[in-house]
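Please look at the sequence and structure below, and then follow the questions and answers on strand pairing and contacts.

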Amino acid sequence: MKEIILIKNGELALKGLNRSSFEDMMIKNMRHRLSSLGAFRYEKSQSTITVIPEDENIDLDEAVSRLLKVFGIAALSRAAVCEKDIDVIRNTALEYLGEALSEVRTFKVEAKRADKKFPFTSPQICEEIGGWLLEHTPGLRVDVHNPDLTVTVEVREKSAFIRGNQLHGAGGMPVGSGGNACLLISGGIDSPVAGWMMAKRGVRLNAVHFASPPYTSELAEKKVHELLGKVSEYAGRIRLFTVSFTELQEAIRDYCPEEMFTITMRRFMMQIAGAIAIRENCGALITGESLGQVASQTLHALGCTDECAPLPVFRPCIGMDKNEIVEISRKIDTFEISIRPYEDCCTVFTPKHPRTRATVELARQAEYKIENREELIQRAIDSAVLKIIG
Amino acid sequence: MEVYLDNSATTKVCPEAINAMTQMLSEQYGNPSSTHKKGIEAREALDTARKRVAGILSCTPEEIYFTTSGTAANNTAVFGTVEALRRRGNRIVTTSIEHPSILRCMQSLEAKGFEVVYLKPAANGSISAEELTNAVNRNTILVSIMAVNNEIGVINPVSLAAKAIKRTGSPALLHCDAVQAFGKLPLRPGKDGIDLMSVSAHKVHGPKGVGALYIRKGVQIKPYLLGGGQENGMFSGTENMPGIVGFGAACAAMPDLAKQLEKTTSLRNYSLEKLKRLPNVEINSAPDSLPYIINLSVPGIPSEVLINFLSQQEIYISAGSACKRGHRSEVLRAIGLSPARIDSAVRISFSRFSTDADAQALIDGIENAIRRFRR
């Protein structure tokens, strides 16, 4: 039996003149995600994209689970394709959905007839197919209002499609439709979630990670690679820049007042990530900050770090509670990686009593204590090593 | 030059073991349970390996049961004993500093209602003989104590437990986790009154994935892995032949342990002398501990930073206490170290392949670290 995947795009259908180019973007993303499974053909028609495997041996279970992570897809379903003959449709429906029907109590059949020359009207199709399925499935009942399983029969120009219930897609907008942005990723729980949330809105991700060897270990970097690997299942290819941050952190420790360590560090991070982001054609920075979560994430502190950012800073977790962030991180499978206990750059030289009500003036003074900061920042930018994830 | 001084974590496989294993993988690949020539050949290789391991423990080959790891040997010893003796008592004596493969078993037994007594290390890091003797009573069914502590190398008075068991007339079996001591100290479980002893291949230049449990002749414990009845029914599952043969070869390649102990002692003393000259290096291991392990602290440089720094120069050692952040080692606390000293503790562990040059490279590395990080 020939099987295909039907994709419903959500929000995209509402877009006007950009719709076609957004759809093309989504198809390109699907292509990238499915390419390792074999060859597929993609057909656009109205609000549906049809994904057709070119080879019967392609693993469609895996294809579906990958497509469930492609942003822009509102819903998807697998469908059997058959000849436009009522007997063939009946038999195919039973063969294709018989097992699923035997596991539910109620069902209904819906029919759509794009080919108006087909000798049966939609209600007639429902009756024919529904009657057949009912007859061949012991214990099954019809419920037109609230069925456990809806069997949909679509009679199209060339063939008929038969499908069961739809699956919810990842929603959002196709990655790439929202431009490029640069995620500051530490290895904690929040930043991968922040990246995922922005990718959901169509942003293509770049990432900057700050490594401070030997204060931080190679394992911390490996952890970031794995985290971004999980995010890239949704966000597609991610370009990661790993910046060598040791020198600057030591300079902060040596010259700045202890209570300002973290804020000064974050100001430098914004400057370095900002410069890399601009170089890489990004239009924004993304962080996992959540208001009030730690001392460097108070309103005052965020004001101090924002001042240094040359681009808008997106903080999608800003209004979320920790448990809400954790919930997403579990869903996208990053939580277990995030909680591995390696030191990251944010926990090196942590002050005992960080200042929570810092002012921009104090932050500037702290930063200016490091006389060769421009040089150190430039060196950090130049130290960035690129790794492609996904 | 790579300097590997983390031999208590694992060791490099010796050439003798590699050769023997390669042969098992490519030629003598038979299943020792098969009755044809290929199987008989494998059976013979299995018997030879068993003899070789038995040789190191001065026991008979029949007393050696191959397992898949030190952990598997420990689990079998604990659960197997408890299963066999549960009607005769309810008390188990162990220490609070055992390997997780003992401690986690004990926790599970506690949950099932057994009374588990955890002896604490005394000020020298060792288990006190007196406490050990007092902890054993007539209701005791198992005493499990490690031979050598893996963090500071202190040697425990395991054989004293045998006397205590005898005196109280308890039915207890005495188990010893000798993973860190095997191949380093001469061990004679038979003579020392030890009923069960766990050892592992990969700490003695053998491969990973194979260990052994010594079970004294006449001692009955229950297997916890059931199946085809391999290893005399104690450890079912087709034998890991390349691993077992590699283990045997590694045992055969061991030099005389007493002589090697002497050589390692002088390597240790040489290192200590130089280390003591560095500013602010504090030695945590006692002079009478196993010379294969030196535990030291450089207060002011967190363990992790020193390890990462040395790792950048291909010098490999490990944290003084293999513990998670915010959870300080019990042994290091017991011997009275300050928090600053515990947080900066590292463990250097030698093997018979360690040289003066390795020690010198390490000492230079630590000296550089002190120059770089101490303030």
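Q: Along strand β3 (residues 48-53) of chain A, which side chains point to one face and are buried?
A: This is a predicted model, in which local features need pLDDT of at least 70, side-chain atom pairs count only at pLDDT 80 or more, and totals for chains, interfaces and linings use all residues. Residues are numbered from 1 along each chain as its sequence is written, while chains are lettered from A and ligands numbered from 1 in the order in which they are written. Strands are DSSP runs (E, at least two residues) numbered from the N terminus, and a residue is buried if 20 or more other C-beta atoms, placed from the backbone, lie within 10 Å of its own. The side chains of β3(A) alternate, with A:T48, A:T50 and A:I52 pointing to the other face and not buried, whereas those on the buried face are A:I49, A:V51 and A:P53.

Q: Which residue in β3(A) is the bridge partner of A:K44?
A: Strands pair if DSSP finds at least two bridges between them, and strand β2 (residues 40-45) of chain A pairs with β3(A) in the antiparallel sense over six bridges. Within β3(A), the bridge partner of A:K44 is A:I49.

Q: How many residues of domain 2 of chain B are in contact with domain 1 of chain B?
A: An automatic or database domain assignment supplies the bounds, dividing chain B into domain 1 (15-252) and domain 2 (256-373). With contact meaning C-beta atoms, placed from the backbone, within 7 Å, 18 residues of domain 1 of chain B meet residues of domain 2 of chain B numbering 22.

Note on methods:
Two residues are in contact if their C-beta atoms, placed from the backbone, lie within 7 Å. A residue is buried if 20 or more other C-beta atoms lie within 10 Å of its own, exposed if 12 or fewer, and partly exposed in between; C-beta atoms are placed from the backbone. Helices (H or I, at least four residues) and strands (E, at least two) are DSSP runs, numbered from the N terminus.
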